[in-house]
Protein chains: 2
Amino acid sequence: MAVLRTLIGESLRTTRLRQQRTLREVSGAAQVSLGYLSEVERGQKEASSELLASICRALGIRLSDVLRDVSETLSVLEPAPDLVLEPAPVASVHSIRDVVAAA
Amino acid sequence: MAVLRTLIGESLRTTRLRQQRTLREVSGAAQVSLGYLSEVERGQKEASSELLASICRALGIRLSDVLRDVSETLSVLEPAPDLVLEPAPVASVHSIRDVVAAA
């Protein structure tokens, strides 16, 4: 499953690359270590709220915009909370049986 | 400044209270300690991506919906990245002076 920090990391990385800036530049501006920023971008480290805010400032973007984008991506990947699997309509059951029978 | 984890915590707490569920119930369902959930709700602890997903599952809500709500609130509170403060229009300066003079 796609984890929140993976999506946030991807979003930050994409923004940085679009700005044609290096990890070194952005980590310096955000006052975080290069290694840490790299791990956050790859979804390997969970960034604190303060750190996220700092990275966004360094990139000149709004954290709210990052979250909006991430929530949109997540909404596609995430199953509905009360997802109840519907039984397959009879027609499909027949088709599946036909496929199985034909195999 | 409103920090991300504060807004996420408030959102989760509001949802739980609307469902009229106790910390004990939700922490049990989410398999986190009661104290930890309480700290997350009050914005005192940063929840990991996995923990957030687990709390959302326990509440029967989608993390993407929480993030969308949080991003909307944050967008109001958060200054634009390149915000340049505009000088007040002359008319307003006069009105303020009038108010001050009248006081």
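A helix is described here by its axis, a line fitted to C-alpha atoms over the stretch in contact, and the angle between two helices runs from 0 to 180 degrees between their N-to-C directions. The model discussed below is predicted.

**The interface as a whole**

The contact between the two chains takes 23 residues from chain A and 23 residues from chain B. Three helices, α1, α4 and α5, each supply at least two residues of the side of chain A that touches chain B. The largest share of that side, eight residues, comes from α5(A).

**Symmetry**

A turn of 180° with a shift of 0.0 Å along the axis lays chain A on chain B with an RMSD of 0.0 Å. This is the relation of a two-fold axis. In chain A, Arg68(A) has the C-alpha nearest the axis, 2.8 Å from it. Of the interface residues of chain A, 100% are also interface residues in chain B, so the copies meet through the same surface.

**The pair of α5 helices**

α5(A) and α5(B) pack at an angle of about 160°, with their axes 8 Å apart. Angles over 145 degrees count as roughly antiparallel, and α5(A) and α5(B) are therefore roughly antiparallel to each other. Their crossing is left-handed. Among the residues of α5(A) that meet α5(B) are Leu63(A), Leu67(A), Arg68(A) and Leu74(A).

The table gives the residue classes.

| Region | Nonpolar | Polar | Charged |
|---|---|---|---|
| Side of chain A that touches chain B | ten residues | six residues | seven residues |
| Contact of α5(A) with α5(B) | eight residues | six residues | two residues |

Methods. Residues numbered from 1 in each chain as written. Chains lettered and ligands numbered in written order. Predicted model: local features only at pLDDT ≥ 70, side-chain atom pairs only at ≥ 80, totals over all residues. Contact = placed C-beta atoms within 7 Å. Helix = DSSP H or I, 4+ residues; strand = E, 2+ residues; numbered from the N terminus. Nonpolar A, V, L, I, M, F, W, Y, C, P; charged D, E, K, R; others polar. Least-squares fit on C-alpha atoms with pLDDT ≥ 70 in both. Parallel < 35°, antiparallel > 145°, perpendicular 65-115°, else oblique. Left-handed = near helix turned anticlockwise from the far one by under 90°.
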